[in-house]
Amino acid sequence: MILVTKPFLPKNEEYIKKVNTIFENNWITNNGPFSQKLEYEITNFLEIPSLHFLSNGTMALHLSIKALDLKGEVITSPFSFVATTTSIIWEKCTPVYVDIHPDTLCIDPDKIEAAITKNTTAILATHVYGIPCDVEKIEIIAKKHNLKVIYDAAHAFGVKFKGKSLLNYGDISTLSFHATKLFHTVEGGGIVNNLGEKLDKKITLLRNFGFEGDNYYLAGVNAKNSEFHAAMGLCNLPYVSEIINKRKKLVCKYNEILADIVQRPSIPKETEYNYSYYPIIFKTAEQLLNVQQVLLENKIQTRRYFFPSLNNLPYLYTSQYCPISENIASRVLCLPLYFDLEIEMVEEIAYKVREVCI
Ligand SMILES: *Cc1c(COP(=O)(O)O)cnc(C)c1O
């Protein structure tokens, strides 16, 4: 079976060496030396102000909402992973969906203002598949209406926009280092805070039960990560450029064979992209299901990522209509893409898709 994704693994010896160090130190969690080193190295690698290493990307979303003290309505994208919405709900805010732009599949900035009410406190938008949201327009709107901006940047590790890290846009960017992401720590996540030291302190407290020494400042949670996870991150980080290059090669091959028969989301100008997924948009949902079925018969797994459109989740209180997101969600399919995938396999998959579509 060819899986739709497969975690990158460093050399076994490299990881074991670090595990031996952890055993020697006997410091296995609670902001140990590897966690600190990983934060430092990622900060340098991504050229970001700082990084808070966390247990996962979902906790990164939760802590961001808490840290910014958001209340009321949060404008968000219906075309994302479910955690983007559930974090808003768990933090007792109301998700208000603004439809996506049909080219980038990110939130459509020209539709945001119409959704703002006196209860709106923030915009939580996803750089979906690592494609930058229209960060400049969103910044103007947020300033005008005094809203906070969080980007769910779980897909955007290593992406640059206009010469700087995409993570430096907005008030906060959240990352996921889950096993299936481009860069991973098995389980893990991170917060990039662009609002300075005071908020950094608050996030550090929130991550660790809200206390420091004998002082209990606020109601925090346990969102720390372990030395074993940090060690995996330190092993994987040096490979990131190689991983992105390999993915680029595979994506170019897919495009070569499929460009004329399926639609692809478009990447804004001045983006240095990371090739984190390979989504294709079929003419109809029926065509998608046909292709998915034929590929499965050939032992090739694909994923309807993202489906359904989040505004249609069954546990929302209000029904909201996002026709573009709903339409795209019904027709989009991600093909296998990961570091170990061979280019010959990509050819085989792409030709199978072609056969069904023509
Ligand atoms: C993976 C992902 C998350 C959640 O990250 P976890 O580390 O799995 O908790 C959040 N948002 C998006 C867009 C994701 O793809």
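At 43% relative accessibility, N30 counts as partly exposed, and N30 sits in the loop between α1 and α2. That is one small corner of this predicted model. Elsewhere there is a ligand with 15 residues around it, a strand β4 with parallel partners on record in β2 and β5, and a helix α7 that is mostly covered.

**The α1–α2 loop**

- N30 has a phi near 60 degrees, which is a positive value in a residue other than glycine.
- N26 is in the loop between α1 and α2 too, and its phi is also positive, at about 55 degrees, although N26 is not a glycine.
- N26 counts as exposed because its relative accessibility is 65%, and the cut-off for exposed is over 50%.
- N30, at 43%, is partly exposed, since that class lies between the 20% and 50% cut-offs.

**Around the ligand**

- Of the 15 residues around the ligand, the ones that come nearest are T58, D152, H155, S176 and K181.
- T58 puts a polar side-chain atom 2.6 Å from an oxygen atom of the ligand.
- D152 has an N or O atom in its side chain that is 2.7 Å from a nitrogen atom of the ligand.
- Y305 places a polar side-chain atom 3.3 Å from an oxygen atom of the ligand.
- On its own the ligand would expose 380 Å², and the protein buries 92% of that.

**Strand β4 and its partners**

- β4 covers residues 120-126, and 6 of its 7 residues are buried, so this strand is mostly covered.
- Strand β2 (residues 73-76) runs parallel to β4, with 4 bridges joining the two.
- In that pairing, E73 stands opposite T120 in β4.
- Strand β5 (residues 148-152) also pairs with β4 in the parallel sense, this time over 5 bridges.
- Here A122 stands opposite K148 in β5.
- To get from β4 to β5 the chain passes through helix α5 (residues 135-145), and this β-α-β crossover is right-handed.

**T76, a buried residue in β2**

- T76 is part of strand β2.
- T76 counts as buried because its relative accessible area is 0%, against a cut-off of under 20%.
- Leaving out residues up to four places away in sequence, T76 touches T84, I88, P95, V96, Y97, V98, I107 and L124.

**A three-stranded open sheet**

- This open sheet has 3 strands in the order β7-β6-β12, and the pairing is antiparallel.
- Its edge strands are β7 (164-165) and β12 (271-272), each of which pairs on one side only.
- β6 (residues 160-161) and β7 are joined by 2 bridges and run antiparallel.
- The bridge partner of F161 in β7 is K164.

**Helix α7**

- α7 spans residues 227-236, and 8 of its 10 residues are buried.
- The buried ones are E227, A230, A231, M232, G233, L234, C235 and N236.
- These buried residues pack against α1 (12-25), α2 (33-46), β1 (52-54) and α8 (240-258).
- S226 caps the N-terminal end of α7, with a side-chain oxygen 3.2 Å from the backbone nitrogen of F228.

**Cis peptide bonds**

- Y305 and F306 are joined by a cis peptide bond, with omega at about 15 degrees.
- F306 lies in the loop between α9 and α10 (323-331).
- The bond from F307 to P308 is cis as well, and omega there is near 0 degrees.
- P308 is likewise found in the loop between α9 and α10.

**Two partly exposed residues and some distances**

- N290 belongs to helix α9 (residues 285-297), and counts as partly exposed because its relative accessibility is 41%.
- From N290 to L124 the C-alpha atoms are separated by 34 Å, and the two residues are 166 residues apart along the chain.
- T180 lies in the loop between β8 (172-176) and β9 (189-193), and is partly exposed because its relative accessible area is 30%.
- The C-alpha atoms of T180 and E256 are separated by 25 Å, with the residues 76 apart along the chain.

Terms used:
Residues are numbered from 1 along each chain as its sequence is written. This is a predicted model: local features need pLDDT of at least 70, side-chain atom pairs count only at pLDDT 80 or more; totals for chains, interfaces and linings use all residues. Side-chain values use heavy atoms; hydrogens and water are left out. Buried means under 20% relative accessible area, exposed over 50%, partly exposed in between (1.4 Å probe, protein chains only). Two strands pair if DSSP finds at least two bridges between them. A crossover is right-handed if, with the strands pointing away from the viewer, the path from the first strand over the helix to the second runs clockwise. A residue is near a molecule or strand if one of its heavy atoms lies within 4 Å of it. A polar contact is a pair of N or O atoms within 3.5 Å; within protein, one must be able to donate a hydrogen and the other to accept it, and residues adjacent in sequence count only if both atoms are side-chain atoms. Accessible areas come from the Shrake-Rupley method with a 1.4 Å probe; for residues, only the protein chains shown count as cover. Contact means heavy atoms within 4.5 Å.
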